[in-house]
Amino acid sequence: MLNKKSQKIKDWSTKDVVLNVFTYVFNLAIIGVLFVVMLYLQNIEDETPFEVLLVNIDTLRFFTLLALTFVVMALYFFYEDRNFLKNAGNSEMLFLIIEITLFACFASGTYLNIYIRPLATVALLTLFLTNRRTAMFMNLIYCVIIFLFDSFIGSAVQLFSLNNYPVLVMCFSSGVIATICMDKVYSRLKLLSMSLVVSLPTIVCLIITLIEQQESGNIVIDILSAAASGPLSAALVMVLLPVFEAGFKKVSCFKFSELIEHKAKLIRKLIQQAPGTFNHAIVVSNIAEACALAIGEDALLARTCAYYHDIGKLRRPEFFKENQADIENPHDDLTPELSASIIKAHAQDGYDLIIKNRLPKEIADVCLEHHGTMPILYFYGKAKKYTDGDVDITQYCYPGPKPKTKISAIVMIADGCEAAARSLQDRSRENVKKVVRQIVNERMQLGQFEECEITLNELNIIIHTVVNHLTGVYHSRIEYPKVSLDGLDL
């Protein structure tokens, strides 16, 4: 779910090339086998020998056009998203989506009704597993493939008056509408309820076909089938999505939405055992989400990472100031070096806890990176008082790594700014802006953003966004007068 513009182009090895070529050739053969099986099943009652149907010029044309479609697909990813193509597993995932959808469309169209086919499944699955741009392209690729199947197998020719171009229109329109309407849907129930919109292109094409043919047939069943095509696509997506998430180690927006619910396992523990840290995480998540939106990054990913960025504090919550409301500070009895070790350990503890609970690695990486290699100045200053200034600062620095994505950088800034703003006595906009700029400048001077390719313009946008949110959270309040209510009858 990371923005491809924020990623460096990775070098390819010979193994990467071989695996990708094998993946494309292998899946070309798989789809070819599907074609042969569907051709056989579609013409099983025909008196024409199957060998004659299979070995002819039309079959050669089909495989030639299918191979050309695969070449176009490979070229698109090579020039538009080479890092995605580098991982052969990504290509295999997309091909598997196509193959399952082809089978589902054939089965539903042959044995139920031609209009009930879940044509939008490829677009929706690709959208939730990758991004909108890839979903749009894969929808186009699937339109071409399903058009080839219908053209050469002949399943739709009779229905569309020797003309199956409406299939192309239905598939393309359904996929585009599904991609646009479902892009910001983070609830499975909402996905199912909105899926009726996806059926509109099929219903329109059905009505046009009925007008052209001027045949009544079983119009009610056809219309109901067309209306059910969208919900069937959504239902298929809900069934297949967890399988693809587990099999290809992908994380959908639904998973992220579930992780930020207060009933999620680790969030529930944070509320119970470290309420101060939880309240801090909520403010940071609101800021991170707004910053991600402002610079075009994944807002839901930023919000989720911010929710969990301090989850490592669950190991020793009482050692962190925000959780010490009714207890003495245990650091008073520890050496500065030991205190610093406990504080900086929460980054690694958070990473380990996320991995142990099998949560997305994107979240674990932010836990590890959100302090980068910054020094813990409070205990460093305390140590200098005890040792007359002769202190190795590296012992008081987080071990890193530095933020490698813009999301990590956003969480780093939001985390530091929220903590600093909370400690201010004067929270006027000018004062908050001064502190936010100081925090960002300090991290720039210490090279914390060197590995995430964030730009100065994006940092300025983030500063402006953080200031707006912090002044909104810590706004000034009127001072209520002290008025006695004794003797009043209300």
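This briefing describes the fold, the core, the aromatic pairs and some local backbone features of a predicted model. The protein has 490 residues, of which 49% are buried, and its secondary structure comprises 21 helices and zero strands. The average pLDDT is 86, and 88% of the residues reach a score of at least 70, although two stretches discussed below fall under 50.

**Overall fold and confidence**

- Among the contacts between residues at least 6 apart in sequence, 76% join residues that are at least 24 apart.
- The protein exposes about 24,700 Å² of surface, and carbon and sulfur atoms supply 59% of that area.
- The average pLDDT of 86 does not hold for residues 1-6, where the pLDDT is below 50, and this stretch has 18 contacts in the model beyond its near neighbours in sequence.
- Residues 155-162 also have a pLDDT under 50, and for them the model has 19 contacts beyond four places in sequence.

**Nonpolar cores**

- The largest nonpolar core holds 117 residues, and those with the most contacts inside it are Phe-77, Phe-128 and Tyr-308.
- Helix H7, which covers residues 132-153, gives this core its largest share, namely 11 residues.
- Apart from this core lies another one of 12 residues, among them Ala-340, Ile-343, Ile-376 and Tyr-396.
- Phe-77, one of the residues with the most contacts inside the largest core, touches Tyr-24, Arg-82, Phe-84, Leu-85, Leu-94, Thr-134, Phe-137 and Met-138 when residues up to four places away in sequence are left out.

**Aromatic pairs and the surroundings of Phe-63**

- The count of aromatic pairs in the model comes to 19.
- One of these is formed by Phe-62 and Phe-63, whose ring centres lie 5.3 Å apart with their planes at 85°, so this pair is edge-to-face.
- The two partners differ in burial, because Phe-62 has a relative accessibility of 0% and counts as buried, whereas Phe-63, with a relative accessible area of 29%, is partly exposed.
- A stacked pair is formed by Phe-70 and Phe-95, with 4.8 Å from centre to centre and 25° between the planes.
- Phe-70 belongs to helix H3 (residues 57-80) and Phe-95 to helix H5 (residues 88-111), so their pairing ties together parts that are 25 residues apart in sequence, and both of these phenylalanines are buried.
- Phe-63, which lies in helix H3, is also part of one aromatic cluster with Phe-35, Phe-62 and Phe-149.
- Not counting residues up to four places away in sequence, Phe-63 touches Gly-32 and Phe-35, while the C-alpha atoms of Phe-63 and Ile-31, which are 32 residues apart along the chain, are separated by 9.6 Å.

**Backbone features in loops**

- Gly-400 and Pro-401 are joined by a cis peptide bond with an omega of about 10°, and Pro-401 is found in the loop between helix H18 (377-387) and helix H19 (406-422).
- Lys-249 has a positive phi of about 55° although it is not a glycine, and its place is in the loop between helix H11 (219-248) and helix H12 (253-259).
- With a relative accessibility of 76%, Lys-249 counts as exposed, because the cut-off for that class is over 50%.
- Glu-453 is another residue other than glycine with a positive phi, near 55°, and it is found in the loop between helix H20 (429-445) and helix H21 (456-473).
- The relative accessible area of Glu-453 is 36%, so this residue is partly exposed.

**Thr-465 in helix H21**

- Thr-465 is found in helix H21 and is buried, with a relative accessible area of 10%.
- A polar atom of the Thr-465 side chain lies 2.8 Å from the backbone oxygen of Ile-461.
- Leaving aside neighbours within four places in sequence, Thr-465 is in contact with Ala-290, Cys-291 and Ala-294.

Notes:
Residues are numbered from 1 along each chain as its sequence is written. This is a predicted model: local features need pLDDT of at least 70, side-chain atom pairs count only at pLDDT 80 or more; totals for chains, interfaces and linings use all residues. Side-chain values use heavy atoms; hydrogens and water are left out. A nonpolar core is a set of buried Ala, Val, Leu, Ile, Met, Phe, Trp, Tyr and Cys residues joined through side-chain atoms within 4.5 Å. Buried means under 20% relative accessible area, exposed over 50%, partly exposed in between (1.4 Å probe, protein chains only). Helices (H or I, at least four residues) and strands (E, at least two) are DSSP runs, numbered from the N terminus. Contact means heavy atoms within 4.5 Å. Accessible areas come from the Shrake-Rupley method with a 1.4 Å probe; for residues, only the protein chains shown count as cover. pLDDT is the predictor's confidence in each residue, from 0 to 100. A polar contact is a pair of N or O atoms within 3.5 Å; within protein, one must be able to donate a hydrogen and the other to accept it, and residues adjacent in sequence count only if both atoms are side-chain atoms. Rings of Phe, Tyr and Trp (its six-membered ring) pair if their centres lie within 6.5 Å; planes under 30 degrees apart count as stacked, over 60 as edge-to-face and the rest as tilted.
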